[in-house]
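Please open the model in your viewer and keep the sequence panel visible. The tour below proceeds by selections, each followed by a description of what is found there.

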Amino acid sequence: GFVVSMGLHTHAGDAVAVNRGGFKLSGQDYLEMGRHIGRYFAGNRIPTVFVQEGGYKMDAVGEAATNVVLGYSQSWPKHE
């Protein structure tokens with residue numbers, strides 16, 4: 001299995017991200033991140049767990065986390 005540690009302090013509006021790391025990610029970036037993770041791990045049927053461990057811009061954390069998981073789920077192989 002694989003554990004994804006979602007450090008959501010990388011959001012553009014999060015002072016930790018901008019001041020310390022130079023990150024300026026937005027909602028679409030998190031969606032794409034989830035898709036990349038999903039293409040590999042879900043595509044290879046590797047069990048995956050997401051753990052939210054950072055993020056200090058509370059009005060953005062929920063959307064960012066949702067977008068990562070949504071992007072991941074959109075990448076699952078389609079079963080017929």
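Begin with the whole protein chain, coloured by secondary structure: read along the sequence, it follows the pattern β-α-α-β-α. The chain thus comes to 3 helices and 2 strands, where helices (H or I, at least four residues) and strands (E, at least two) are DSSP runs numbered from the N terminus. Please note that this is a predicted model, in which local features need pLDDT of at least 70 and side-chain atom pairs count only at pLDDT 80 or more, while totals for chains, interfaces and linings use all residues. Residues are numbered from 1 along each chain as its sequence is written, and side-chain values use heavy atoms, with hydrogens and water left out.

**The whole chain**

Turn the C-alpha trace about its principal axes; its spans are about 45 × 20 × 20 Å. Next, display the surface. The chain exposes about 5,100 Å², and 56% of this area is supplied by carbon and sulfur atoms; the areas come from the Shrake-Rupley method with a 1.4 Å probe, and for residues only the protein chains shown count as cover. Of the 80 residues, 36% count as buried. Buried means under 20% relative accessible area, exposed means over 50%, and partly exposed lies in between (1.4 Å probe, protein chains only).

How much of the contact total with a separation of 6 or more comes from residues 24 or more positions apart? Such pairs account for 70% of those contacts, a contact being heavy atoms within 4.5 Å.

**The nonpolar core**

Select Met6, Leu8, Tyr30, Ile37 and Tyr72. Of the 13 residues in the largest nonpolar core, these touch the most other members. A nonpolar core is a set of buried Ala, Val, Leu, Ile, Met, Phe, Trp, Tyr and Cys residues joined through side-chain atoms within 4.5 Å. The elements that give two or more residues to this core are β1 (2–7), α2 (27–41) and α3 (58–74). Helix α3 supplies the largest share, 5 residues. In soluble globular proteins, nonpolar side chains tend to be buried together.

Now centre the view on Tyr30. Leaving aside residues up to four places away in sequence, Tyr30 touches Leu8, Thr10, His11, Leu25, Ala64, Asn67 and Val68.

**A buried histidine and its neighbour**

Move from Tyr30 to His11, in the loop between β1 and α1 (15–21). Is His11 buried or exposed? His11 counts as buried because its relative accessibility is 17%. Beyond residues up to four places away in sequence, its contacts are Ala17, Leu25, Ser26, Tyr30, Lys57 and Ala60.

Select Ala60 next; this residue lies in helix α3. Ala60 counts as buried, at 7% relative accessibility. To see how far Ala60 lies from Val4, draw a distance between their C-alpha atoms: the two residues are 56 residues apart along the chain, and the atoms are separated by 19 Å.

**The salt bridges**

Show the charged side chains. The structure holds 3 salt bridges, each a side-chain nitrogen of Lys or Arg within 4 Å of a carboxyl oxygen of Asp or Glu.

- Select Arg35 and Glu32, whose side chains meet in a salt bridge (3.3 Å, N to O). Being 3 residues apart in helix α2, they are separated by about one helical turn. Arg35 is partly exposed at 22% relative accessibility, and Glu32 is partly exposed at 27%.
- Add Arg39, which meets Glu32 in a salt bridge (3.5 Å, N to O). Arg39 is partly exposed at 46% relative accessibility.
- Select Asp59 and Lys57, which form a salt bridge (2.8 Å, N to O). Asp59 counts as exposed at 62% relative accessibility, whereas Lys57 is partly exposed at 26%.

Salt bridges that share partners join Glu32, Arg35 and Arg39 into one network.

**An unusual backbone angle**

Finally, select Arg45, in the loop between α2 and β2 (48–54). What is the phi of Arg45? The angle is near 55 degrees, a positive value in a residue other than glycine. Most residues other than glycine have a negative phi. Arg45 counts as exposed, at 61% relative accessibility.
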